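Here's a quick briefing on how some of these chains meet. Have a look at the model first, then run through the notes below.

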Number of protein chains: 4
Amino acid sequence: MIVVMSPEATESQIDGVVKKIKEYGCDANISRGVERTIIGAIGDERSIDQELIDALPGVEQSMHIVKPYKIVAREWHKENSVIDIKGIKLGGNTIQVIGGPCSVETQQQMDESAKFVKAAGCRLMRGGAFKPRTSPYSFQGKGVEGLEMFRKAADAQGLPIVTELMDVRMLDTFLEWDVDVIQIGTRNMQNFDLLKEVGHTNKPVILKRGMSATVSEWLMAAEYIAAGGNHNIIFCERGVRSFETYYRNMLDVTAIPVLKKETHLPVIVDPSHAGGKAWMVPALSRAAIAAGADGLLVEMHPKPCEAWCDADQALNPDELKSLMIELKGIAQVLGRDI
Amino acid sequence: MIVVMSPEATESQIDGVVKKIKEYGCDANISRGVERTIIGAIGDERSIDQELIDALPGVEQSMHIVKPYKIVAREWHKENSVIDIKGIKLGGNTIQVIGGPCSVETQQQMDESAKFVKAAGCRLMRGGAFKPRTSPYSFQGKGVEGLEMFRKAADAQGLPIVTELMDVRMLDTFLEWDVDVIQIGTRNMQNFDLLKEVGHTNKPVILKRGMSATVSEWLMAAEYIAAGGNHNIIFCERGVRSFETYYRNMLDVTAIPVLKKETHLPVIVDPSHAGGKAWMVPALSRAAIAAGADGLLVEMHPKPCEAWCDADQALNPDELKSLMIELKGIAQVLGRDI
Amino acid sequence: MIVVMSPEATESQIDGVVKKIKEYGCDANISRGVERTIIGAIGDERSIDQELIDALPGVEQSMHIVKPYKIVAREWHKENSVIDIKGIKLGGNTIQVIGGPCSVETQQQMDESAKFVKAAGCRLMRGGAFKPRTSPYSFQGKGVEGLEMFRKAADAQGLPIVTELMDVRMLDTFLEWDVDVIQIGTRNMQNFDLLKEVGHTNKPVILKRGMSATVSEWLMAAEYIAAGGNHNIIFCERGVRSFETYYRNMLDVTAIPVLKKETHLPVIVDPSHAGGKAWMVPALSRAAIAAGADGLLVEMHPKPCEAWCDADQALNPDELKSLMIELKGIAQVLGRDI
Amino acid sequence: MIVVMSPEATESQIDGVVKKIKEYGCDANISRGVERTIIGAIGDERSIDQELIDALPGVEQSMHIVKPYKIVAREWHKENSVIDIKGIKLGGNTIQVIGGPCSVETQQQMDESAKFVKAAGCRLMRGGAFKPRTSPYSFQGKGVEGLEMFRKAADAQGLPIVTELMDVRMLDTFLEWDVDVIQIGTRNMQNFDLLKEVGHTNKPVILKRGMSATVSEWLMAAEYIAAGGNHNIIFCERGVRSFETYYRNMLDVTAIPVLKKETHLPVIVDPSHAGGKAWMVPALSRAAIAAGADGLLVEMHPKPCEAWCDADQALNPDELKSLMIELKGIAQVLGRDI
């Protein structure tokens, strides 16, 4: 950590900072410049509480030099981590497209969806039984009954399932129904108690980026899961909040190469929630794969116009199929397959 | 609801929209303009699922005409709601400043804090026993033991207590310790299960704005609480995420008059988390009161340099006292007291 | 235009709005709903000043139904426009990568750059003679002398040149040196006098998106140029301002399909200024082409470590060459060439 | 400047950085930590080009320690600067409210406005003769004829005038009409050629903040003016772009105390363009003054419903008068007058 003292800082204020750094078990290196005195903390700076240093008299600012994340950081684990989901590998050379409807509605809808998802070449299926809705008056999902329908439909096609956990009290139910991948939604990225609990399971977790989370906060949220012992974490970029009103969220495509540099864990993209319109999905999906994503989470619906939520962003079965073909081409250019 | 058809929309697509609107129990009014045909839904448009309309063929865009919130809306409840917290009124003519440390640390720290808070003229006290921290390796709060210390210290001064609930499983403990005001933090503004549960109590709830929540989403989050039966809701603006890096969050002072127009519920401001630096707190506090806020949530610490978290944003007891005097002056200009 | 009256609006206020709409030469359609009265303006709503309507008593809000842009809109010009730059076509099936250094530095640097740009397969060259720099104390570009060096180096390789015009008073000089494509930088996207002047030339114009311009504002800025008679406009997405601090700007990849839908004009991407780091450029370039961009504006430098500005974002000649090969692969998947 | 080397940096890469730092005339201090080697540049770090350092092999990141602004910085000029506008002082103990219409429309409108502005107690008048409009089809201002009307109306009341300069070629005309304060609008905050030219005059300049400019960029834009010799600069916060759609811009009230700390120059606020609605203006105006602003730029119109632009944000004469009374009360609480 580097501590920059204000130009008016006194010698005794400088001593105060040095003393505090030493209390944290670090050494201090003082460098007296022309306009500022700078104090460097030498040792494990992660043990130093930056806010406490900033509050000391005479301090102008301080900066961490090392990254605050550890288990999830590529710095400490150079190889890509490949997550095994009932034999399906995510994070390796093969790109995985996870398809399925926004919400579980009926058994028939799920059965048809599963068939189409499989037929398009996807190896994993998504679907929401518990839905985070802005309004308390909107459809909130079919709940446990939905899990049952989903399990049945996906099993018939041999597809592992991905579904969102919103309430920590439902975790046991998720484990009972053997949900294959637990999704943590954007609104819960910093629901720390939920992160801690899924960190105590060994289920793969898709951690969606918070609405306006920085890459660093996102990595730290993953660190919460990892610190509990569960390293099966998949990052999912789904667009962030911006000033633009034409579309729902701004897909942060730059986050893909950035995450691939900062972490060894897989990175996927949800192009459906990003744009919010089905017609944007193919372009965003191609961009995500071209930028290096390890997979996609794509909404489809057997009959989009009859979907119970997010109807406007679901692909129909034919659109999903065509998209898969384009993506295969791009994957090959990058030396990957799909 | 207004549905704008695309210029190429066919008659049968227009009929499709009209049919769907009627399925929702509304009537449809068709207006054929020069460049676009527009369909108006007449009736209770809250029953119409906008995403489903947007997904219909030929639809260019649709717009809600009425606000989606109901119980919390001033449109349906013209008078200001005044929340009663053990006899202290929030939302009336008297402005309430809720002071206290970021975290509960020790009994002595809480005892001293309570004394200083009381001496400065505050009638309510804040303090965190469960702390949402970006890093899993940071101090996470004293937990239940902290609630006990807080209760004891505040009771000695006759101050009702405000503290943050992060985990829905801790609600019973909060009720046991008779927490007077439950705070929902910024990261949990859309933790819908948590909102539903506090909606089933009758405890006053401070609902902090999400990091990048729109005013409309924030009102809808409150609607979740209200829909459960608990109308004792206090909005707390605490700064939003922005591109500016000089300070932590951008205090959205405009949200104050906007909320006072849209809702009958009280609105307070947290100037400490907004700016993130103690030296910014007085200016932001004055601005908040001048803009019409009903109260403040201000961090103070008996010895800021020794605080265990957010040290840099806490006022010391003298600073809190001086601030209260300035705020009283501004309150009087607005015909209020403090 | 749709005008929503507030619930308390009186009949005379409704009449007032109708009267005003008629003054603008439009007809009015009144629809009385359960909670709101809505007035639709029928006719050319572009002639109505929305702010004036919003200011009328009893008006709650108003909404435009048609897009405010006209010449640049695909609605009125279905085919893609292809811009001809000295025989090089931009906006057609062939993707154009415009390479070159951030700044013109020396004749030798430009000569080498031109050679490498040509060798990599680019058909157009970029380079800045006038540099917009945040600090008045930073290198401001070589000016006219730089134009001369650039012209000479590019002519030797038969490459048309792209360079930024910042000051309206330099336009004649640009025309004298026969700059082939005039670039309007992000800080000048709404420098309306500059837009008007380039609108009176027939030179192709690259219009970079403003730091936080919406797609609609950007299209309207282009409309300024088009309204002057110059329809040779190329949109360039270069990242927008966001809360993320890991990289310089957030590349808005969604803007690519959105613009391709809204306008018939070509859309290119500047991946270098977006990320701000050379190592991000290949991923962002691939994403841009995969999302449907018609070209790229890529910074390269014969020796990046010695560049005079933006050194950190320039590719070296080998990196540019490898990138071109990857991009060719992606272009082919999309049925295009490069 | 602090340069953090990556963990894999070699000795020769470290030497390379040290050599480069010395080329800039600085000394280098090497500090070898457990995880990173850090190099501090000692001397005038403003002379070092950060981007060039970042591009050197082995560099992970670099950080400036001193602020890049100099003439405008309070660090080098502790006292508040007071700007003299024909005898009216701005930046001292007296708060100045600059009132007037958005646009100059007719002589009568300006005459009435001037009378009402004066009657309300304002000592300076604003009005736009050249209007930056998003659409080329909107009213663009009365131009030079408008300057003449404005001059005449204001002179009759003895009010110095404030008006916006958009085009560098109009500067001489502004000087001819003896415009008392030149306003640089938000879209031109980084129109560097315009800034340089007004920097060569001695006219007071109101520099509005760019739509999404950081405080640091804003100070650097002022530094452009100051570097030309003109130190009569007034910062004007007018709201920044955000994700919120309820109002036009988000007034950044925190920027007021931040600027007062970073610069000795006066800071005013434009509450009209921030909120975009007249009913928000009083609350935002009070907040601005309470936060420490030295003045306001407030839109008024003798008959808002007939204004030619921004009608919806103008106060009528009575509203302006009432606002002035409230502001006087707040000013007094802060020991100032108005």
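Chain B and chain A bury about 4000 Å² between them, 50% of it on carbon and sulfur atoms; buried area here is the accessible area (1.4 Å probe) that two parts lose on being put together, summed over both. This is a predicted model, where local features need pLDDT of at least 70, side-chain atom pairs count only at pLDDT 80 or more, and totals for chains, interfaces and linings use all residues. Residues are numbered from 1 along each chain as its sequence is written, chains are lettered from A and ligands numbered from 1 in the order in which they are written, and side-chain values use heavy atoms, with hydrogens and water left out.

**Chain B against chain A**
- The contact (heavy atoms within 4.5 Å) takes 50 residues from chain B and 50 residues from chain A.
- You'll find six salt bridges between the two chains, each a side-chain nitrogen of Lys or Arg within 4 Å of a carboxyl oxygen of Asp or Glu.
- One of them pairs B:Glu197 with A:Arg169, with the closest N and O atoms 3.1 Å apart.

**Chain D and chain C**
- A turn of 180° and a shift of 0.0 Å along the axis lay chain D on chain C with an RMSD of 0.0 Å, superposed by least squares on the C-alpha atoms of residues with pLDDT of at least 70 in both.
- That is the relation of a two-fold axis.
- In chain D, the C-alpha nearest the axis belongs to D:Ser212, 3.2 Å from it.
- The copies meet through the same surface, because 100% of the interface residues of chain D are also interface residues in chain C.
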